[in-house]
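Dear colleague,

I am passing on to you the structure discussed in this message. Please look through the sequence and coordinates below before reading the notes that come after them.

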Amino acid sequence: MYFTKKIRIRMKEEEKRILLEYEQTYMDQLQDLVKQMEEGHSLRLSQMAYFHEIPIACRWQLYQLARKQYFAIKNKKDFQYHRSSTWSTKAFHYEGDMLSLFMRHQDLHLKLSISSFEMDVLNTCRIVRLDIVHDEKFWYANFTLYIKEKVR
């Protein structure tokens, strides 16, 4: 069974600036991949051109997102993506109340506003993915978690 746990991130202005720059790069890369697909380039992951700022571990999920958007456009369906970025499990590390994002040129260490109950949930479930999202005031880490259903 999959579910999402939303946890607020506490950040300094410099960290916000870095994540906003990365978000812009991520969205530009997404649009660039879709454009490559629309121009008739191969849809294979290995043949796509990537910005060097995107961590190698995150490229598969970005590629999958671009494919979904490309096929939605091709089939004249609605497609919206409202996340700042999606991180694979190899591109971040969670421990206690700290979240480390492994970017290409630097690592970013962020403090989480997390309760002991939420910490237990994250420690007992398998983390599948991390989405960084934000609104006007706050940033959040949305952990997609997997937990086995109990068998009687």
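The notes below go from the overall architecture to one helix, one pocket and the salt bridges.

Please keep in mind throughout that this is a predicted model.

Overall architecture

The secondary structure consists of three helices and seven strands. Followed along the sequence, these elements occur in the order β-α-α-β-β-β-β-α-β-β. Along the principal axes, the C-alpha atoms occupy a box of roughly 50 × 50 × 30 Å. The protein has 152 residues, of which 41% count as buried. As for contacts between residues at least 6 apart in sequence, 64% of them join residues at least 24 apart.

Helix α2

Helix α2 covers residues 59-74, which makes 16 residues. At 1.5 Å a residue, a span of 22 Å is expected, and the end C-alpha atoms are indeed 22 Å apart, so the two values agree. Which residues of α2 are buried? They are R59, L62, Y63, L65, A66, Q69, Y70 and A72. The cover over these buried residues includes helix α1, residues 13-38. After α2 comes K76, which has a positive phi, near 55°.

The second largest pocket

The second largest pocket has a volume of about 170 Å³. Its lining is made up of R17, I18, E21, Y22, T25, E53, M103, R104, H105 and Q106. By residue class, this lining divides into three nonpolar, three polar and four charged residues. R17 and E21, both part of the lining, also appear in the next section, where they form a salt bridge with each other.

Salt bridges

Side chains of opposite charge can pair when their charged atoms come close. In this model the count comes to six salt bridges, and three of the pairs are described here, beginning with two in helix α1.

E13 pairs with K16, with the closest N and O atoms 3.7 Å apart. These two residues are three residues apart in helix α1, so about one helical turn separates them. E13 counts as exposed because its relative accessibility is 60%, over the 50% cut-off. K16, by contrast, has a relative accessible area of 22% and is therefore partly exposed.

R17 forms a salt bridge with E21, and here the closest N and O atoms are 2.4 Å apart. Both residues lie in helix α1, four residues apart, about one turn of the helix. An α-helix has 3.6 residues a turn, so residues three or four places apart point the same way. R17 is partly exposed, with a relative accessible area of 36%, and E21 is likewise partly exposed, at 45%. The pair belongs to a network of salt bridges that links E14, R17 and E21.

The third pair is D131 with R129, whose closest N and O atoms are 2.9 Å apart. Is D131 buried or exposed? Its relative accessibility is 2%, so D131 counts as buried. R129 has a relative accessibility of 25% and therefore counts as partly exposed.

In short, R17 and E21 connect two parts of this account: they help to line the second largest pocket, and they are joined with E14 in a salt-bridge network.

With kind regards

Conventions. Residues are numbered from 1 along each chain as its sequence is written. This is a predicted model: local features need pLDDT of at least 70, side-chain atom pairs count only at pLDDT 80 or more; totals for chains, interfaces and linings use all residues. Side-chain values use heavy atoms; hydrogens and water are left out. The expected span of a helix is 1.5 Å times one less than its number of residues. Buried means under 20% relative accessible area, exposed over 50%, partly exposed in between (1.4 Å probe, protein chains only). Contact means heavy atoms within 4.5 Å. On a 1 Å grid over the protein atoms alone, a cavity is a set of points where a 1.4 Å probe fits but cannot get out, and a pocket is an open set with protein on both sides within 12 Å along at least five of seven lines; lining residues have an atom within 4 Å of a point. Grid points are joined across faces, edges and corners, and a volume is the space filled by probe spheres set on the points. Ala, Val, Leu, Ile, Met, Phe, Trp, Tyr, Cys and Pro count as nonpolar, Asp, Glu, Lys and Arg as charged, and the others, Gly among them, as polar. A salt bridge is a side-chain nitrogen of Lys or Arg within 4 Å of a carboxyl oxygen of Asp or Glu.
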